[in-house]
Amino acid sequence: TRCFPAMRKVRDMIAAGEIGDICCVQGDFGWSTKDNGPEDRIWFPESGGMTLDIGMYMVQLGQVAFPNSPIERIQAMGKKKNGVDHTVVANIQYEDRGMLQFYVTGEANTEERVVIQGTSGRIVLDSPAHVPTTVRLLKDEGRGAAEETLLEYPLPDDTYTTWNYPGSIGFFHQIEAVADALRNGEKECRHFTLNDSLQIASTLDAILQQVHSSEESSTQQAEAMSV
């Protein structure tokens with residue numbers, strides 16, 4: 001997602017102050033697991049669940065909105081299915097900056113839309129936001145009024161084949177970014193650094209820890225109330 005032209009444009013607009021200071025980011029990502037049998041990898045105890053499957057698409061949005069900002073606090077809760085996290089809601093607060101709020105779920109195919117809210121406008125990534133092709137810039141003109149600009153970034157032509165997952169032709173942009181870095185002798189991709197990867201991994205771990213511990217606490221509380 002980070003290497004898509006649409007997302008690069010979003011980062012440029014934020015850096016240029018097009019919508020002022022970012023105060024909040026909201027997003028969702030969900031796909032229905034109803035047809036995934038008991039042997040499917042989504043149910044693997046060590047690596048399954050929705051947080052590790054698609055949570056990184058949401059968490060990386062905080063780095064887009066609040067680049068190079070440490071995370072101050074994480075709050076997460078969720079419900080499990082077959083022993084793994086299945087619906088998770090998370091709030092992430094960035095030090096001296098704004099907040100990221102999102103949910104991921106395996107209960108339904110969600111709208112998958114992202115809103116980045118600034119003090120003087122907002123940026124909207126329409127569905128499907130993890131393979132973004134449209135960016136809407138809305139500049140505040142008063143309460144309930146905004147000047148809207150639509151920017152479109154079509155995916156490369158993929159009519160020659162079919163994919164397991166919609167928008168997979170977008171990996172072209174990631175491959176291109178890695179190839180550019182290699183040609184330039186760079187040790188990491190400037191669109192997605194090692195520190196970005198480490199922050200996302202540690203954030204996902206923290207979310208999972210809270211989800212599993214919160215469910216255990218809720219169970220204990222329910223048992224105590226039933227006595």
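Biologist: Hello! Before we look around, what is a cavity, and which residues line the largest cavity here?

Modeller: A cavity is a set of grid points where a 1.4 Å probe fits but cannot get out, and lining residues have an atom within 4 Å of a point. This is a predicted model, and a search of the whole structure finds one cavity of 30 Å³ or more. Its lining is made up of Thr 1, Phe 29, Tyr 57, Met 58, Gln 60, Leu 61, Glu 112, Val 114, Ala 129 and His 130.

Biologist: Thanks! Which helix gives the most to the lining of the largest cavity?

Modeller: The space in this cavity comes to about 40 Å³. Its lining holds six nonpolar residues, three polar and one charged. With four residues, the helix that gives the most to the lining is H2, residues 50-65.

Biologist: And which helix or strand gives the most to the largest nonpolar core?

Modeller: That core has 41 residues, and Val 10, Val 25, Phe 102, Ile 116, Ile 123 and Ile 207 touch the most other members. The top contributor, with seven residues, is H2. As background, in soluble globular proteins nonpolar side chains tend to be buried together.
One of those well-connected members, Ile 123, touches residues including Val 10, Val 114 and Ile 116. So the name you asked for is H2.

Biologist: Let's turn to charges. Is Asp 53 buried or exposed?

Modeller: Asp 53 meets Arg 41 in a salt bridge, at 2.3 Å from N to O. The two are twelve residues apart, with Asp 53 in helix H2 and Arg 41 in the loop between strand E1 and H2. Arg 41 is partly exposed at 36% relative accessible area. For Asp 53 the value is 19%, and buried means under 20%, so Asp 53 is buried.

Biologist: Arg 136 also forms a salt bridge; which residue is its partner in strand E8?

Modeller: Arg 136 sits in strand E7, residues 134-140, and its partner lies twelve residues away in strand E8, residues 146-152. Arg 136 is buried at 18% relative accessible area, while the partner is partly exposed at 44%. The closest N and O atoms are 3.7 Å apart, and the partner is Glu 148.

Biologist: One more: in which helix do Arg 183 and Asp 180 both lie?

Modeller: These two form a salt bridge with closest N and O atoms 2.4 Å apart. Arg 183 is exposed at 62%, and Asp 180 is partly exposed at 27%. They are three residues apart, about one turn of the helix, and that helix is H3.

Note on methods:
Residues numbered from 1 in each chain as written. Predicted model: local features only at pLDDT ≥ 70, side-chain atom pairs only at ≥ 80, totals over all residues. Heavy atoms only, no water. 1 Å grid on protein atoms, 1.4 Å probe; cavity = no way out; pocket = protein on both sides within 12 Å on 5 of 7 lines; lining within 4 Å. Points joined across faces, edges and corners; volume = space filled by probe spheres on them. Nonpolar A, V, L, I, M, F, W, Y, C, P; charged D, E, K, R; others polar. Core = buried A, V, L, I, M, F, W, Y, C linked by side-chain atoms within 4.5 Å. Buried < 20%, exposed > 50% of the residue type's maximum accessible area, 1.4 Å probe, protein only. Contact = heavy atoms within 4.5 Å. Salt bridge = Lys/Arg side-chain N within 4 Å of Asp/Glu carboxyl O. Lists of a residue's contacts leave out its neighbours within four places in sequence.
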